[in-house]
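Subject: Structure handover

Hi,

Here is the structure for you to load. My notes on it come right after.

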Amino acid sequence: MRIISGKYKGKKLNGYDIEGTRPTMDRVKESLYGIIQGYIKGSTVLDLFAGSGSLGLEAISNGAKKLILVDNNKLVTDTIKENIKSFDDDIEVITIDYKKYLKETDEKFDVIFLDPPYRAGLMNKALKIIEERKLINDGGIVVCEYENIKIETNLELIREKSYGPKTIRIYRA
């Protein structure tokens, strides 16, 4: 697994083989970034359920000004910290439960990546808190990656694309 574009293009990332992680494939990430590129430069980004951190680190590589990576698995966050040692960007890695983070943060985001464990029922719970707490800036986007669930949100759906059984939906605040 690697960063596919921007200033860190080609940098290898560890973490794809940690149990419980399911990194976004390069071809899916490339397609996704082709769609959301205009939202990235100068943005504040949250990669919730960060896993390998690949989606958020791609944003930093493409000009995001700040990135917060959140995961509840310490092995995952320790691996991300190792991956970013050579980065000179505003990146924060937090080991915490997603719900606790969303309920306690004062940060507002331009881009939020949601790629929770499939079948765990966390997508709609996270979206509900994000909306209730107004954690997404006006005009900001929430990128949801999922399989076989009905997403419930009041955000405006601006794009949907399927890659086999996986679907990505992009919502705008």
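Below are the sheet, the helices that lie on it, and the aromatic pairs.

Keep in mind that this is a predicted model.

**The sheet**

Seven strands form an open sheet. Their order is β3-β2-β1-β4-β5-β7-β6, and the pairing is mixed. The edges are β3 (90-95) and β6 (156-163). Each has a single partner strand, so one side of each is left without a neighbour in the sheet. On average, neighbouring strands are turned by 15° against each other, direction ignored.

One pairing inside the sheet is worth a look. Strand β4 spans residues 109-114 and strand β5 spans residues 136-146. The two run parallel and share five bridges. Leu114 has its bridge partner in β5, namely Cys144. As background, the strands of a sheet pair through backbone hydrogen bonds, either parallel or antiparallel.

**Helices on the sheet**

Helix α2 (residues 54-61) lies across five strands: β1 (44-48), β2 (66-71), β3, β4 and β5. The angle between α2 and β2 is about 170°. Helix α3 (residues 74-83) lies across β2 and β3. The angle between α3 and β3 is about 160°. Both β2 and β3 therefore appear in the lists for α2 and for α3.

**Aromatic pairs**

The search covered the whole structure and returned three aromatic pairs. Two of them are described here.

Tyr8 and Phe87 come first. Their ring centres are 4.0 Å apart. Their planes meet at 20°, so this pair is stacked. Tyr8 sits in the segment before α1 (26-40), while Phe87 sits in the loop between α3 and β3. The pair thus ties together parts that are 79 residues apart in sequence. Tyr8 has a relative accessibility of 13% and counts as buried. Phe87 has 9% and also counts as buried. The cut-off for buried is under 20%.

Next, Tyr33 and Phe113. The centres of these rings are 6.2 Å apart. The planes stand at 35°, so the pair is tilted. Stacked would need planes under 30 degrees apart, and edge-to-face over 60. Tyr33 belongs to helix α1 and Phe113 to strand β4. The pair therefore ties together parts that are 80 residues apart in sequence. Tyr33 is buried, at 3% relative accessibility. Phe113 is buried too, with a relative accessible area of 1%.

Best wishes

Conventions. Residues are numbered from 1 along each chain as its sequence is written. This is a predicted model: local features need pLDDT of at least 70, side-chain atom pairs count only at pLDDT 80 or more; totals for chains, interfaces and linings use all residues. Side-chain values use heavy atoms; hydrogens and water are left out. Two strands pair if DSSP finds at least two bridges between them. Helices (H or I, at least four residues) and strands (E, at least two) are DSSP runs, numbered from the N terminus. Axes are lines fitted to C-alpha atoms, for helices over the stretch in contact, and angles run from 0 to 180 degrees between N-to-C directions. Contact means heavy atoms within 4.5 Å. Rings of Phe, Tyr and Trp (its six-membered ring) pair if their centres lie within 6.5 Å; planes under 30 degrees apart count as stacked, over 60 as edge-to-face and the rest as tilted. Buried means under 20% relative accessible area, exposed over 50%, partly exposed in between (1.4 Å probe, protein chains only).
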